[in-house]
Structures are given as structure tokens and as C-alpha cells.
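Trainee: I have a structure to go through. Can you take me through its terms one at a time?

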Amino acid sequence: MKNAKKIYLIYPQKKGTIAPEIYGHFTEHIGGVMYDGIWVGKNSPIPNIKGFRKDIIEKLRAIKAPVIRWPGGCYAEVYDWRDGIGEDRPTRINWWTRDDGRYEPNEVGTHEFMDFCEAVGAEAYFAANLTGVTPLHVRNWMDYCLSPRGTTTLAKEREANGHAEPFNIPYWGVGNENWGGGGNMTPEYYAMEFRRFSTIMEYAFPKTELYACGSNSDNYDWTDGLMRMTKNSERHMNGFAMHYYCGSSGDVTAFTGEEWTEQLKKAAYMENIVLRNWHIICGHAMENHAKLVIDEWGCWHPEGSGPSKGKNLFEQQSTMRDAMVSALTLNIFNNHCDKIRMANAAQLVNNLHTLFLAHGEHCITTPTYHVFDMYKEHQGAEAIETAVTANSDFASSITVSASVKDGKTLLTVGNLSCTEDAEISLESLGTTLPQRANATLLYNEDMHAHNTFENPDNVAPKNMEIDISKPFVLPKTAIISVSF
Ligand code: AHR
């Protein structure tokens with residue numbers, strides 16, 4: 001076969017532990033993510049757990065969703081936590097009201113979102129507002145959420161609102177996109193704000209991890225400026241929360257072969273961004289304080305292709321190409337797990353790069369959901385080095401990562417070519433491979449294939465046993481996970 005690839009699994013070269021949080025998610029109060037997305041209301045005829053779609057909860061449990069970020073995104077910068085507790089909740093202008101005319105009813109607030117996390121079995125990552133409030137206002141939110149039962153007035157208010165014990169919220173963002181919607185700041189100005197907020201947040205709750213707003217895409221001036229201005233401070237930083245969206249190429253569901261490759265090249269650029277940011281961080285000796293938290297990533301296609309046909313802001317369809325972007329991105333994260341603390345696909349449902357599309361009684365998984373399922377055992381595993389022969393021509397290359405947990409290897413491979421099948425053979429260094437392996441294949445003959453409410457399993461994974469002592473074929477555009 002023309003496109004033969006040998007994958008070397010180099011067991012003695014360990015790359016570090018893959019933080020489970022790299023497989024994290026993101027739910028913002030935007031468009032159809034919250035209302036009609038995860039939240040249907042406690043009195044809904046749609047099966048729900050405390051108001052949240054049961055179907056989504058069960059499917060998130062199945063993929064071991066480790067952490068969920070909330071309440072934004074841009075929305076975080078206009079959120080007042082007091083609006084989302086107690087009985088009488090105000091309706092407010094959402095950050096996104098100007099775009100879609102929707103107002104924020106605050107039906108989902110701190111308690112409801114924590115119900116969702118508890119039902120999923122995920123930890124919570126709260127994005128705190130830095131632009132419009134004081135550090136004391138944020139510390140009060142932390143006090144309300146985290147103070148032990150019966151201690152402070154705010155802890156007692158939490159108890160009166162139905163949750164006696166503190167919530168489990170280990171991760172706190174200090175602002176969101178403060179180079180843009182979050183105050184349009186310079187890195188120097190933001191650094192001073194970060195120092196002001198984080199000092200008070202950390203002093204009251206030293207066990208929480210505080211993440212500074214990182215760069216957008218390849219804006220390394222932000223990284224350099226922020227590191228320069230914080231390295232001589234008290235260093236209350238535990239992560240650098242950067243965003244990279246790989247945009248779009250051609251039509252969401254009717255792209256050409258060239259556009260397939262172009263989109264994947266843009267996704268592969270994530271590796272450059274990870275490396276350049278990391279080098280700048282290390283250059284300022286901040287590597288123990290600013291591990292990468294890539295808390296928004298994914299494709300950003302023109303909206304209107306999802307089932308709501310444009311009603312839900314940023315909602316888009318998700319094809320096999322989006323699944324391949326996920327496979328490639330998660331392999332990059334695995335391969336750089338020594339630098340990455342967390343990552344959150346943006347966003348969970350009815351939005352950019354989603355795992356679910358939902359409306360009323362309909363709720364389906366996208367091809368990207370299946371990738372998270374196929375990759376889930378990488379969470380907490382030890383990544384090992386891999387090498388691939390004849391892999392320099394991007395359009396016919398494969399993406400690979402491998403990890404070991406409890407003596408079991410998980411190898412995940414995507415064939416980035418949309419024209420050529422790949423013939424894969426495995427060779428290991430440092431251990432002997434067995435003959436039989438369990439594999440899951442995500443493939444559809446049509447690279448544009450996607451799932452709809454009418455045809456929810458058009459793209460679905462197939463389980464099989466394969467003989468890894470011999471070469472096996474990975475069809476063009478296909479993704480496989482192999483465990484042995
Ligand atoms: O995910 C949609 C938006 O993209 C988020 O609110 C914002 O942080 C980013 O610009």
C-alpha cells in the first residue's frame with residue numbers, strides 16, 4: 001500500500017501524566033448552551049435530574065467528564081453571582097443580548113450549576129468577573145461557595161439556600177479574555193488587576209487554583225507582558241488560561257478536500273501556540289506557576305448550520321472533520337501533557353465545536369463526542385513517546401498519541417488524509433506487544449458525515465478486535481483507538 005506508516009511506541013520515554021482535566025468542558029450562558037441545552041427545568045417532561053437533561057448527564061458520566069467551566073466566556077465578565085442565588089432572581093442583560101436579543105433569567109445559578117457538576121461527577125471551574133466588580137465581591141462568592149458549614153454569614157446563607165456543605169470548586173479563573181471583552185486591557189494593566197484580585201482570593205482560599213487570563217491565539221506579546229509583570233510578584237498564579245479557536249475553512253458540511261486539509265492545518269497550529277507560549281513562560285521562570293490551561297478551543301464555523309438554524313448564537317453542525325480536529329488537538333495535548341494543566345472544549349452543547357445538539361425532546365451526540373469517548377482512558381495515564389515514519393507531508397499524515405495506565409496501552413490515531421487509506425504497523429521499544437487488541441473505529445465513507453435529529457447515529461463508533469502483530473488499514477479520514 002502507498003501510504004504505509006510505522007508507529008514506534010517508545011515505552012522507556014515517558015512524557016508525564018496526562019491530567020484528566022485536559023478532557024474538560026465549557027458551558028456558558030450563551031445562545032442555546034444553558035437554556036434548552038443542558039437545562040430544561042425541574043418541571044419539564046424531558047427526563048431530567050434537578051432540571052438538567054438526564055441524557056447529557058449520563059453521556060458525560062460515560063466519557064468521565066472531569067471538569068466543567070462556567071458561567072463564561074464573555075458572559076463571566078458581566079455576571080453577578082448574587083443574581084443566581086435564592087428565590088427571586090432578576091432578569092438581566094446578558095453579554096450576548098446585543099447579538100441575539102435574549103435576556104438572562106438567572107434560572108441557573110451557583111447551586112443549579114453545582115447540581116449539574118455533582119450529577120455528572122465532574123469538578124467545577126468557575127470563571128470570576130474581574131472587569132465590573134471588586135476583589136471583595138469575588139472573595140464573597142468564594143466565601144459563599146467554599147467556607148465550612150456554619151462558619152461565615154455567607155456560608156449560612158448557602159445552607160439556608162439548600163447546601164450546607166461547601167461546594168467542590170477547586171479552580172477559579174481570574175477574568176476572561178481581558179485583552180478583549182474583559183475590559184480591553186493591556187497585558188501590563190491586566191497583570192496589575194490579576195495581582196490585586198489574586199492576592200485577596202488566594203489569601204482567603206489558598207487551596208484553590210487561580211488561573212490568569214492568557215493569550216488569544218498567537219498573541220505572544222500578551223504572554224510576555226503578563227509574565228514580565230507577575231514574575232516578581234507573590235506569584236498567586238496556578239495557570240495561564242489561553243484560547244485558540246482554529247476558525248473555519250469552506251462550508252461547515254460541504255467543504256472540499258483542500259478545505260478539509262486547510263482546517264486540519266489550522267488545528268495543528270495549536271502545537272506551535274502551546275510551544276511558543278511555554279517557551280516564553282519558561283523564559284520568565286514561571287513554569288511552576290503558569291502551566292497552560294487551554295480553556296477554550298475548537299472550530300469556529302459560520303453559524304446557522306445547527307438544528308436551530310441560527311436561533312442559537314454560534315450553534316454549528318459538527319462533521320467527521322470536526323471529530324478529526326478533536327482527535328488531532330487531544331493528541332497534541334497528550335503529547336505535551338507536561339506543559340498542560342487543563343483544557344476545555346468550547347462549548348458543550350448547541351454552540352461552537354459541541355459534543356451535543358439538543359432541542360426540546362431531541363438530544364444527539366456529535367462525532368466529537370465519540371472522540372472524547374474513545375480517548376477517555378488517556379485521562380490520568382502516563383504518556384509515552386511515539387514516532388511515525390514518512391509523516392512529513394501534512395495532507396497524507398497521521399496524528400498519534402499513546403499512554404499507559406495500569407499496564408494497559410491506549411493508542412489513538414487519526415488519518416488526516418482525505419484521499420488515501422493508511423497502512424499502519426506498530427513497533428514497540430521496551431516491551432513486547434500482544435497480538436490481539438480491542439479497537440474502536442470512527443469512520444464514515446463521507447467525510448462530511450454528521451448526525452442530525454432525524455439520523456442521530458450516522459456517525460457512530462464500531463468496536464472490533466484487531467491483530468496488531470500485522471499491519472492494519474486505517475481508512476482515509478478515520479480515527480481509531482487501540483487498547484492492549
Ligand atoms: O465561546 C464563545 C466565546 O468565545 C466566549 O464567550 C469568549 O470567551 C470567546 O471569545
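Mentor: Start with helices: they are DSSP runs of H or I, at least four residues long, numbered from the N terminus. Axes are lines fitted to C-alpha atoms, for helices over the stretch in contact, and angles run from 0 to 180 degrees between N-to-C directions. This is a predicted model: local features need pLDDT of at least 70, side-chain atom pairs need 80 or more, and totals for chains, interfaces and linings use all residues. Residues count from 1 along each chain as its sequence is written, and side-chain values use heavy atoms, without hydrogens or water.

Trainee: What makes α8 and α10 roughly parallel?

Mentor: Helix α8 (residues 257-268) and helix α10 (residues 320-335) pack at about 25°, with axes 9 Å apart. Angles under 35 degrees count as roughly parallel. Therefore α8 and α10 earn that name.

Trainee: Why are α7 and α9 called roughly parallel?

Mentor: The axes of α7 (residues 220-230) and α9 (residues 270-283) cross at roughly 25° and come within 9 Å. So α7 and α9 are roughly parallel to each other.

Trainee: What makes the contact between Glu28 and the ligand polar?

Mentor: A polar side-chain atom of Glu28 lies 2.6 Å from a ligand oxygen. A polar contact is a pair of N or O atoms within 3.5 Å. The Glu28 pair meets that limit. Asn176 has a polar side-chain atom 3.1 Å from a ligand oxygen, and Gln347 has one at 3.0 Å.

Trainee: How much of the ligand is buried?

Mentor: Alone, the ligand exposes 280 Å², and the protein buries 94% of that (Shrake-Rupley method, 1.4 Å probe).

Notes: Polar contact = N/O pair within 3.5 Å; in protein donor to acceptor, adjacent residues only side chain to side chain. Helix = DSSP H or I, 4+ residues; strand = E, 2+ residues; numbered from the N terminus. Parallel < 35°, antiparallel > 145°, perpendicular 65-115°, else oblique.
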